[in-house]
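Colleague: I would like a close look at one part of this model, the helix pairs, and then at what else in the chain can be described at the same level of detail. Please take it as one connected account.

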Amino acid sequence: MQIKECIMSAPGKAILHGEHAVVHGNVALAVSLNLRTYLRLQATSTSKVCINLPNINTFLSWDVTELKQLLPDSGAELGNVNELDAELVRRLRDLVGVSNGTLDTRSMAILAFLYIYLSVFAGSGELPSLTVSVWSELPTGAGLGSSAAYSVCLAAALLSASGTIPSLLSDQESTARWGEVEMELINRWAFQGEKIIHGNPSGVDNAVGTWGGILRYHSGKITPLIRVPMLRILLTNTKVPRSTKVLVAGVKDKMNKFPSIINPVLESVNAVSCTCEQTLSEMTNDTPTPEHYNILEELIDINQHHLNVMGVGHPALDTLCRVTLARGLHSKLTGAGGGGCGITLLRPETECSVVQNTIQDLRDCGYDCWETSIGAEGVQQHSPLAVKKEALEVLARY
């Protein structure tokens, strides 16, 4: 292997505007969350490949010789970053004991790791022994891009370990990022991981994890906004389970039943996304003003009402909006709706006491709540000194 140890991190994601409307050809804005997933890769001499995922209580290892048997006679047959190798996926499912219909988080995470590991190293003809440990600030299954952040970290670490992309850190640097060519390769391998985990992903989540910032998604095209302001938010998980598939189908049913009502709503959501994009651009080019934040707050309120009209609201989300508005703050759901998570905009002048009291109010409702920011950096390589203390302590145990 080219390196003995590396530490990577990638951000989670939220949808700022455009949920559900994006499915019908409208613009959505996806943003990076400064809640991150951290990965530590260590070269070993144990002749084993180990994965430690303490967030989901998963600790597994395989003999390198056992994994070599999964490779085709010619390693050149693997390593296609543009297309998932169905035969390798089948072999890995047999190895791990996962049936075709199994979609649990643990199984999918293991398959994604083994697939990227084997594919990246197959061309070298030698599978290295190593240990990968991953810890995340992101809750799983909450629609916050936790699987994509995981896949991005895996891709970055394994590509670095194989020498496919350079290990960037110098003795003087604590954090580093790659150039556009390397980032594109990381993103494409992460997308393969997302395909294994989700089947037919849009590519938005792994793109946010790779590039960070704010991305514009429209009709399958993903465009990073060049420069974006960092915005403080509260992120709240109502912990109400929901089915994205059912919610998307519900919006489609409403469109079919009331096309003259719902189609203009979707067009209005598109206008909200575009107006927000324009406002964020102005905030980047000029000094942000109170009026900019007034516009962002109004757009949040408008979009939340539209989402309720589409039928993807929930009483728990109504409570979130009511509780935060009582403190002068504006909230909306993020993602599929029907429960799940919501975001609350914090203005620069919002006092710390207001933030802390709001967080406590929401926790009193039984919700999880974090103060964080959107527009965070994408995938990065770190020295141990640049990693959050809690993450480093967890990763150091394995």
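Modeller: What follows goes through the helix pairs, then a strand with its partners, then two loop residues. The model is predicted.

Start with helix α8 (residues 259-285) and helix α9 (residues 290-310), whose axes come within 10 Å and cross at roughly 160°. An angle over 145 degrees counts as roughly antiparallel, and α8 and α9 are therefore roughly antiparallel to each other. The crossing in which α8 passes α9 is left-handed. On the α8 side, the contact is made by Ile262, Val265, Leu266, Ser268, Val269, Val272, Thr275, Cys276, Thr279, Leu280, Glu282 and Met283. On the α9 side, the contact is made by His292, Tyr293, Ile295, Leu296, Leu299, Ile302, Asn303, His306, Val309 and Met310. Sorted by class, this contact of α8 with α9 has 15 nonpolar, 6 polar and 1 charged residues.

Helix α4 (residues 146-162) and helix α5 (residues 180-198) have axes that come within 8 Å and cross at roughly 135°. The two helices α4 and α5 are therefore oblique to each other. Here α4 passes α5 in a right-handed crossing. From α4, the residues Ser147, Ala148, Tyr150, Ser151, Val152, Ala155, Ala156 and Leu159 meet α5. Their counterparts in α5 are Leu185, Ile186, Trp189, Ala190, Gly193, Glu194, Ile197 and His198. By class, the contact of α4 with α5 has 11 nonpolar, 4 polar and 1 charged residues.

The next pair is helix α2 (residues 86-96) with helix α3 (residues 105-122), where the axes come within 10 Å and cross at roughly 130°. As a result of that angle, α2 and α3 are oblique to each other, and their crossing is right-handed. Leu88, Val89, Leu92, Arg93, Leu95 and Val96 of α2 make the contact together with Met108, Ile110, Leu111, Leu114, Tyr115, Leu118 and Ser119 of α3. The residues of this contact of α2 with α3 divide into 11 nonpolar, 1 polar and 1 charged.

Now the strand. Strand β5 (residues 130-136) is mostly covered, with 7 of its 7 residues buried. Leu130, Val132, Val134 and Ser136 point one way from β5, while Thr131, Ser133 and Trp135 point the other way, and all are buried. Strand β2 (residues 28-43) runs antiparallel to β5 and is joined to β5 by 7 bridges. Strand β3 (residues 48-53) pairs with β5 in the parallel sense over 4 bridges. Val132 in β5 serves as a reference point for both pairings: Leu41 stands opposite Val132, and Ile51 also stands opposite Val132.

The loop between β2 and β3 holds Ser47. Most residues other than glycine have a negative phi. Ser47 has a positive phi of about 60° although it is not a glycine. Ser47 is partly exposed, with a relative accessible area of 47%. Lys239 also has a positive phi, of about 65°, and is not a glycine. Lys239 lies in the loop between β9 (231-237) and α7 (244-257). The relative accessible area of Lys239 is 46%, and Lys239 is partly exposed.

Key:
Residues are numbered from 1 along each chain as its sequence is written. This is a predicted model: local features need pLDDT of at least 70, side-chain atom pairs count only at pLDDT 80 or more; totals for chains, interfaces and linings use all residues. Side-chain values use heavy atoms; hydrogens and water are left out. Axes are lines fitted to C-alpha atoms, for helices over the stretch in contact, and angles run from 0 to 180 degrees between N-to-C directions. Angles under 35 degrees count as roughly parallel, over 145 as roughly antiparallel, 65 to 115 as roughly perpendicular and the rest as oblique. A crossing is left-handed if the near helix is turned anticlockwise from the far one by less than a right angle, and right-handed if clockwise. Contact means heavy atoms within 4.5 Å. Ala, Val, Leu, Ile, Met, Phe, Trp, Tyr, Cys and Pro count as nonpolar, Asp, Glu, Lys and Arg as charged, and the others, Gly among them, as polar. Buried means under 20% relative accessible area, exposed over 50%, partly exposed in between (1.4 Å probe, protein chains only). Two strands pair if DSSP finds at least two bridges between them.
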